[in-house]
Amino acid sequence: MQRNIVSSAKDSKMGMICLQCFVLLLHCSFVHGTSKGALPQSCNTMTPGHTSTAAQTSPAPYSVTVSKTKYTGGDTISVTLSKTAAKQFKGYLIQARNQDGTKIPGFNLIANSKYLKCDSPNDAVTHTEATEKDSVTFQFTAPTTSKGNITIFTTAVENYSTYWVMMQSDTIIDAVVTGASSRFLPDCVLVAISLFCFHLYRH
């Protein structure tokens with residue numbers, strides 16, 4: 001009887017050790033996955049899948065800048081995520097969206113990056129390794145047809161529990177849309193002047 005109790009206790013202890021190892025392996029696998037880039041479930045919220053953490057609400061020590069604030073079809077725009085303080089970042093997720101929230105494809109890959117296919121094959125880019133970075137710069141090719149004004153959204157990860165979500169660039173204005181609206185006023189002015197001159201001529 002005593003031997004059975006001892007054996008049962010050993011089996012129970014071994015079972016607990018196996019369970020702990022299994023949980024540890026799952027955790028390691030999860031961390032490894034996010035160190036290799038954002039996961040598909042991050043496409044809409046741009047929030048890393050880091051358990052028991054929340055995005056920072058303080059001002060981010062990073063910025064996202066663009067080389068142009070107006071685009072026409074096919075323009076190449078440099079998009080840069082960089083630190084603004086001493087803190088480097090290890091991971092990132094970058095997307096372009098218009099004012100309707102539609103994800104706009106057009107990113108070109110750089111070293112140690114990959115696409116995270118959300119709605120289109122190249123509408124989001126993310127890291128493939130978790131070394132500390134001062135900055136990354138991507139080339140974004142503007143859509144050939146008018147998509148409205150575009151903003152670059154970025155999530156930057158300092159470490160597993162510290163990250164900032166959906167930082168925004170300056171808005172990149174759609175020149176086709178603004179060009180159409182800006183021509184409307186001069187046309188109205190010309191019509192008004194013509195009517196005024198006609199009125200003077202009649203009198």
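Here is a quick briefing on the fold, the packing and the confidence of this chain. Keep in mind that the model is predicted. The chain carries two helices and eleven strands, and the strands sit in one run between the helices, in the order α-β-β-β-β-β-β-β-β-β-β-β-α. Average pLDDT is 82, with 71% of the residues scoring at least 70.

**Overall picture**

- Of the 203 residues in the protein chain, 33% are buried.
- The accessible surface adds up to about 12,100 Å², and carbon and sulfur atoms account for 60% of that.
- Take the contacts between residues at least 6 apart in sequence: 66% of them join residues at least 24 apart.

**Nonpolar cores**

- The largest nonpolar core has 24 residues, and the ones with the most contacts inside it are V79, L81, I94, F107, F140 and I152.
- Six strands each put at least two residues into this core: strand 1 (62-66), strand 3 (76-83), strand 4 (91-98), strand 8 (135-141), strand 9 (150-159) and strand 10 (162-168).
- Another core, of eight residues, lies apart from that one, with A38, C43, L116 and C118 among its members.
- V79 is a good place to start looking around: leaving aside neighbours within four places in sequence, V79 is in contact with V64, T65, V66, I94, F107, V136, T137, F138, F140 and I152.

**Aromatic rings**

- Searching the whole structure turns up six aromatic pairs.
- One of them is Y92 with F138: the ring centres are 5.8 Å apart and the planes meet at 65°, over the 60 degrees cut-off, so this pair is edge-to-face.
- Y92 belongs to strand 4 and F138 to strand 8, so their pairing ties together parts that are 46 residues apart in sequence.
- Both partners are tucked away, since buried means under 20% relative accessible area: Y92 comes in at 2% and F138 at 0%.
- Ring pairs also join up into a cluster made of Y62, F89, Y92, F107, F138, F140 and W164.
- There's a charge over a ring as well, with R97 lying over the face of F153 at 5.7 Å from the ring centre.

**Two asparagines worth a look**

- N108 sits in strand 5 (residues 107-108) and is partly exposed, with a relative accessible area of 33%.
- Not counting residues up to four places away in sequence, N108 touches Y115, F138, Q139 and T141.
- N108 and N122 are 14 residues apart along the chain, and their C-alpha atoms are separated by 7.7 Å.
- N159 is in strand 9 and also counts as partly exposed, at 27% relative accessibility.
- From N159 to Q88 is 71 residues in sequence but 9.4 Å in space, C-alpha to C-alpha.

**Where to be careful**

- Residues 21-33 have a pLDDT below 50, and this stretch makes seven contacts in the model beyond near neighbours in sequence.
- Residues 180-186 also stay under 50, and there the model has zero contacts beyond four places in sequence.
- Where pLDDT is low, the predicted coordinates should not be read in detail.

Technical notes. Residues are numbered from 1 along each chain as its sequence is written. This is a predicted model: local features need pLDDT of at least 70, side-chain atom pairs count only at pLDDT 80 or more; totals for chains, interfaces and linings use all residues. Side-chain values use heavy atoms; hydrogens and water are left out. A nonpolar core is a set of buried Ala, Val, Leu, Ile, Met, Phe, Trp, Tyr and Cys residues joined through side-chain atoms within 4.5 Å. Buried means under 20% relative accessible area, exposed over 50%, partly exposed in between (1.4 Å probe, protein chains only). Helices (H or I, at least four residues) and strands (E, at least two) are DSSP runs, numbered from the N terminus. Contact means heavy atoms within 4.5 Å. Accessible areas come from the Shrake-Rupley method with a 1.4 Å probe; for residues, only the protein chains shown count as cover. Rings of Phe, Tyr and Trp (its six-membered ring) pair if their centres lie within 6.5 Å; planes under 30 degrees apart count as stacked, over 60 as edge-to-face and the rest as tilted. A charge sits over a ring if NZ of Lys or CZ of Arg is within 6 Å of the ring centre and within 35 degrees of the ring normal. pLDDT is the predictor's confidence in each residue, from 0 to 100.
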